[in-house]
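The following exercises are to be worked with the sequence and the coordinates at hand. Each task is followed by a solution that proceeds step by step.

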Amino acid sequence: MPSRTASTSLHNPARAVMIALVAILTAMPMAGSAQTPVDATPEATLEATPEGSGDAPWWQGAPCYEIFVRSFADSDGDGNGDFRGMTERLDYLNDGTPTTTTDLGITCIWLMPIMESVSYHGYDVTDYYAVERDYGSIEDFLAFMDAAHSRGIHVIVDLVINHTSVQHPWFVDAARAPGSRYRDWYIFEETNPGYAGPWGDVAWHPTPGGSDFYYGVFWSGMPDLDFTNPEVTAEIRAITEFWLTEMNVDGFRLDAVKHLIEDGRIQESTPETIAWLENYAAFIQSVKADAYTVGEVSGANSATLDPYYPDTLDQFFHFELAENALNAAQSGAPLLLAITVRNAQEAIPDARYATFLTNHDQPRVATRLAGDERAMRVAAMLLLSLPGTPFVYYGEEIGMSGDKPDELIRTPMQWSAAPSGGFTSGTPWKPLQPDWRERNVETLTGNADSLLNLYRTWIQLRTAHPSLMVGTFQELDVEAPAVIASMREYQGERTLVMINTGLEPTGDLAIAVPGMDAGNGATDLLRGGPDIQVSVDGTLMVPSLDAGSGTVLQLSSGS
C-alpha cells in the first residue's frame with residue numbers, strides 16, 4: 001500500500017489557495033464562457049412553482065427510462081445500438097397518444113454517455129462536442145430529439161465532467177508538456193502524495209512519459225479535472241450550453257458529482273464541491289430555465305444528501321431508498337422502507353430526489369431478487385407509487401437478468417424471440433441473456449398478467465393522476481405488517497395506494513383514511529368492481545390483496 005503523506009493542498013500551496021477561494025471564483029463571470037451566471041438559482045425556480053401550485057416542473061415525479069444506447073436497438077446490423085434504432089423504438093416508450101395503452105407511457109429518457117469516447121461505456125470522454133461514432137451522426141441524434149419531443153418525451157444526457165479520458169487531447173497535451181495551457185486543467189504533483197482514493201484504490205498515477213503523478217480517483221484512464229481552475233469551469237459551461245442549445249437536450253444526469261473538488265484526503269462532498277454546484281446550477285437555469293439536473297452521489301441517503309440542498313442540482317438519486325425497496329420486495333417486510341421514505345420526506349424539500357431499483361452499475365433487479373416474480377412485481381409497484389422521480393433501467397420492465405462484471409448488466413435489449421432477440425440483424429456486440437426467448441417485449445406483451453404489462457399499467461396510472469406524480473405523501477396505518485399504505489393528494493385529488501409485499505393474501509383490510517366520513521367512497525382504479533363506501537365509524541374496508549399485489553383507490557368526497 002502506498003505510504004500516506006501530506007495532502008495535495010499541502011504539497012501544492014498554489015492549489016490550496018485556489019481551494020480556499022473557490023466559492024468566490026465560481027461565483028464570478030468566467031472568461032470565455034458563453035454566458036455568465038445570473039442571480040437565479042434552482043431553489044428560486046422551485047419556490048415559484050411549489051408542489052401543490054399546479055405548476056410543478058415537468059420532471060417532478062415524471063417516469064423516466066435509462067437507456068444504454070449501445071444495447072437498446074441497432075438499425076444498421078453492425079451489432080451496436082444507435083440513435084436511429086432508438087428513434088424506431090420510441091413508440092414502445094411513448095407513442096405520443098395518451099389514450100393508447102400499448103406503450104410504457106414514460107415521459108423522460110436518460111441516455112447514458114453519448115459523447116465520443118474510447119471505451120464501450122462512454123464514461124471517459126475524448127470529445128465533448130461530438131457524439132459517439134458507433135451511435136451515428138449529430139444529425140441522427142437531432143432527429144431522435146425531434147422525434148422524442150414530438151411524443152412529449154424529455155431527454156437528458158449523461159454529462160461526465162469529473163474527469164476526462166486519458167486520451168482526451170487536453171490531457172495528452174498536459175502530460176506531454178509541463179508548460180501546456182492544459183497543465184493546470186488537471187491535478188499533477190512532482191512526487192506521489194501516496195494516499196489512496198475513497199475506496200482504498202490507487203488515486204495517484206505515474207504521468208505517461210514523465211516523472212510526476214496525476215490524480216484520477218476512479219482509475220488511471222480517467223484523470224480528474226481541476227475545478228479550482230476558472231478556465232475549467234468556463235469550458236464546462238461552454239460544453240453545457242452547447243448541449244442545451246445546439247443539441248436541444250432537456251437537462252443532464254451528472255456523474256460522480258461528489259468528487260468534483262477534493263481537498264487532499266477529503267475526496268467526497270467537500271464544501272468547495274457544493275459551492276461549485278450551486279453556481280453551476282444557477283448557470284444552467286440562466287441558459288434554459290426548465291432544464292432538469294439529477295446528480296449521482298453514490299450510496300447516498302437522506303443525511304448524506306442534506307448538504308446538497310436547497311441550491312445545487314434539482315434532484316439526486318436516493319440509493320438507500322432503492323436498496324430498501326428491494327429488501328422490502330424480497331422479504332415482504334416494508335417497515336424499513338417506510339422509515340426511509342419518511343426520513344426522505346422530512347429531510348429533502350419537495351420530494352426533490354430520484355428513485356430507482358437498480359442502474360447500470362448494479363446487478364439487475366431480476367438477478368438481485370433471484371427471478372422471484374412476486375418480488376419483482378412488488379418492487380415495480382413500490383417504485384412507481386412512491387414520491388420522487390422514478391427511473392426504470394432499460395429491460396427492467398421485462399425482468400432482464402444480469403450480474404457483474406458491468407458488461408453483463410448492460411447487454412442488448414430483448415425485443416422478441418427472433419434471432420438476436422430482435423435487437424440487431426447482425427451479431428450483437430455482447431450476447432443476450434440466456435432467457436431472452438422467454439423474457440422479451442413481444443412475448444410478455446401477449447400475457448395480460450406479465451411484469452411488462454404491470455409496468456405499463458402503473459406508469460400510465462401515475463401519469464394520469466397528478467396526485468401520484470407530485471402529490472403530498474402521508475403514510476397510513478394498516479393492521480397488516482406486509483402492507484405499505486399511503487395517501488397521495490394534489491389539488492383536491494386524493495389517491496390511496498396499498499401494496500401487499502408479503503407472501504400471503506391479506507384478507508379484507510380496514511383502514512381509516514383522514515378526512516373521510518360515512519358517505520364518502522373510493523373507486524378501485526386497478527381491479528374494478530363496485531365502489532367502496534366508508535362505514536359509519538369512518539373505516540374503509542378494502543377487499544383482500546393477493547400476495548405481491550397492490551391497489552390504487554381514488555377517494556371521493558361524500559354526497
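**Exercise 1. The largest pocket**

The lining of the largest pocket comprises 7 nonpolar, 7 polar and 8 charged residues. The model examined here is a predicted one.

Task: State how many residues line the largest pocket and which of them lie nearest its centre.

Solution. Step one is the count: 22 residues line the largest pocket. Step two is the position: Phe218, Asp255, Asp361, Asp406 and Arg410 lie nearest the centre. Step three is the volume, with about 480 Å³ of space in this pocket.

**Exercise 2. The overall fold**

Task: Describe the protein by its secondary structure, its burial, its contacts and its surface.

Solution. Begin with the secondary structure, which amounts to 17 helices and 21 strands. Next, consider burial: 59% of the 559 residues count as buried. Then take the contacts between residues at least 6 apart in sequence; 67% of these join residues at least 24 apart. Finally, the accessible surface is about 20500 Å², and carbon and sulfur atoms account for 53% of that area.

**Exercise 3. Two helices**

Task: Compare the expected span of helix H9 with the distance between its end C-alpha atoms, and explain why H9 is described as largely enclosed.

Solution. Helix H9 covers residues 271-287, which is 17 residues. At 1.5 Å a residue, the expected span is 24 Å. The end C-alpha atoms of H9 lie 25 Å apart, in agreement with that expectation. For burial, a residue must have under 20% relative accessible area. In H9, 15 of the 17 residues are buried, so the helix is largely enclosed by the rest of the structure.

Task: Repeat the analysis for helix H16.

Solution. The 14 residues of H16, numbered 451-464, should span 20 Å at 1.5 Å a residue. The end C-alpha atoms of H16 are 20 Å apart, which agrees. H16 is mostly covered, with 11 of its 14 residues buried. Among the buried residues of H16 are Leu451, Tyr455, Trp458 and Arg462.

**Exercise 4. Glutamine 433**

Task: Is glutamine 433 buried or exposed, and which residues does it contact beyond its neighbours within four places in sequence?

Solution. First, locate glutamine 433 in the loop between strand E13 (389-393) and helix H15 (441-445). Second, apply the cut-off: glutamine 433 has a relative accessible area of 10%, and buried means under 20%, so glutamine 433 is buried. Third, list the contacts, which are Ser401, Gly402, Leu408, Thr411 and Gln414. Glutamine 414 is 19 residues from glutamine 433 in sequence, and their C-alpha atoms are 8.4 Å apart.

**Exercise 5. Backbone exceptions**

Task: Which peptide bonds to proline 310 and proline 405 are cis, and where do these prolines lie?

Solution. The general expectation comes first: most peptide bonds are trans, and most residues other than glycine have a negative phi. The bond from tyrosine 309 to proline 310 is cis, with omega near 10°. Proline 310 is placed in the loop between helix H10 (302-305) and strand E11 (315-317). Lysine 404 and proline 405 are likewise joined by a cis bond, with omega about 5°. The loop between E13 and H15 holds proline 405.

Task: Give phi, location and accessibility for asparagine 248 and serine 269.

Solution. Asparagine 248 has a positive phi of about 65°. This asparagine 248 sits in the loop between helix H8 (230-246) and strand E9 (251-254), and is partly exposed at 31% relative accessibility. Serine 269 also has a positive phi, near 55°. Its place is the loop between E9 and H9, and serine 269 is partly exposed at 28%.

Terms used:
Residues numbered from 1 in each chain as written. Predicted model: local features only at pLDDT ≥ 70, side-chain atom pairs only at ≥ 80, totals over all residues. Heavy atoms only, no water. Helix = DSSP H or I, 4+ residues; strand = E, 2+ residues; numbered from the N terminus. Buried < 20%, exposed > 50% of the residue type's maximum accessible area, 1.4 Å probe, protein only. Contact = heavy atoms within 4.5 Å. Areas by Shrake-Rupley, 256 points an atom, 1.4 Å probe, with all protein chains shown as cover. 1 Å grid on protein atoms, 1.4 Å probe; cavity = no way out; pocket = protein on both sides within 12 Å on 5 of 7 lines; lining within 4 Å. Points joined across faces, edges and corners; volume = space filled by probe spheres on them. Nonpolar A, V, L, I, M, F, W, Y, C, P; charged D, E, K, R; others polar. Expected span 1.5 Å × (residues − 1).
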